[in-house]
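Work through the exercises below with the sequence and the coordinates open. Each task is followed by a stepwise solution.

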Amino acid sequence: MLKPYLLFASLVLPLTTWAAPTTTTPTHAETAPLRQAQHPAATTTSNAAPAAITALQQKHKQELAEQQKRLALLEQANQAALAQNQELQLKNDNLTVQVQVLQSERSAQMFIYGAVTFAIGTLIGLIIYSMIYTRRRSWS
């Protein structure tokens, strides 16, 4: 079974191709002056053509030389940036190592504080226990 939109498209689309064109295409005689106006090099004499070509070649050579200078400057800047990048990478690595050392020292320091606190607490506990034990013994 045909879908409704396919049926509509098969009936309407062929009708659109029968429409009359609204604009006329220009003839060759009408477009010839336009073509000559757009391409002035086509109407020049053969003597001016080599001069224009050499002028264009000189211009291209100058542009090429300028681009090569820019390329050399860019390469120098790139090398300087790479050297700076390596230097900063080394500094970053050194700082990372320093941070790791400080973190390990801090954790070791906290372990020592904990051990000392535990030892002092145990000692105080033993002293209090012995005092209580001796008082009970003396009262009995």
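**Exercise 1. Find which residues form the nonpolar patch on the surface, and give its accessible area.**

Step 1. Take the candidates: a patch is made of residues with over 30% relative accessible area and no salt bridge, nonpolar side chains (Val, Leu, Ile, Met, Phe, Trp, Tyr) being joined within 5 Å and like charges within 9 Å.

Step 2. In this predicted model, the patch consists of Met110, Phe111, Ile112, Tyr113, Val116, Ile120, Ile124, Ile128 and Ile132.

Step 3. Together these residues have about 900 Å² of accessible area, computed by the Shrake-Rupley method with a 1.4 Å probe, where for residues only the protein chains shown count as cover.

Step 4. Check one member: Tyr113 sits in helix 3 and is partly exposed at 47% relative accessibility. The classes are buried under 20% relative accessible area, exposed over 50% and partly exposed in between (1.4 Å probe, protein chains only).

Conventions for all exercises: residues are numbered from 1 along each chain as its sequence is written, and side-chain values use heavy atoms, without hydrogens and water. As the model is predicted, local features need pLDDT of at least 70 and side-chain atom pairs count only at pLDDT 80 or more, while totals for chains, interfaces and linings use all residues.

**Exercise 2. Locate the aromatic pair and classify its geometry.**

Step 1. The structure holds one such pair. Its members are Tyr129 and Tyr133, with 6.3 Å centre to centre and 15° between the planes.

Step 2. Apply the cut-offs: rings of Phe, Tyr and Trp (its six-membered ring) pair if their centres lie within 6.5 Å, and planes under 30 degrees apart count as stacked, over 60 as edge-to-face and the rest as tilted. The pair of Tyr129 and Tyr133 is therefore stacked.

Step 3. Place the two residues: both lie in helix 3 (residues 48-139), four residues apart, about one turn of the helix.

Step 4. Tyr129 is exposed, at 57% relative accessible area, whereas Tyr133 is partly exposed, at 46%.

**Exercise 3. How many salt bridges does the structure hold?**

Step 1. The criterion is a side-chain nitrogen of Lys or Arg within 4 Å of a carboxyl oxygen of Asp or Glu. Two salt bridges are found.

Step 2. One joins Glu66 to Arg70, with the closest N and O atoms 3.7 Å apart. Both residues belong to helix 3 and are four residues apart, about one turn of the helix. Glu66 is partly exposed at 41%, while Arg70 is exposed at 51%.

Step 3. Glu87 and Lys91 form a salt bridge with an N to O distance of 3.7 Å. They too lie in helix 3, four residues apart. Both are partly exposed: Lys91 at 47% and Glu87 at 45%.

**Exercise 4. Which element of the protein chain has the lowest mean pLDDT, and which the highest?**

Step 1. List the elements: the chain has three helices and zero strands. Helices (H or I, at least four residues) and strands (E, at least two) are DSSP runs, numbered from the N terminus.

Step 2. Helix 2 (residues 28-38) has the lowest mean pLDDT, 52, and helix 3 the highest, 93; pLDDT is the predictor's confidence in each residue, from 0 to 100.

Step 3. For the protein chain, the mean is 79, and 64% of residues reach 70 or more.
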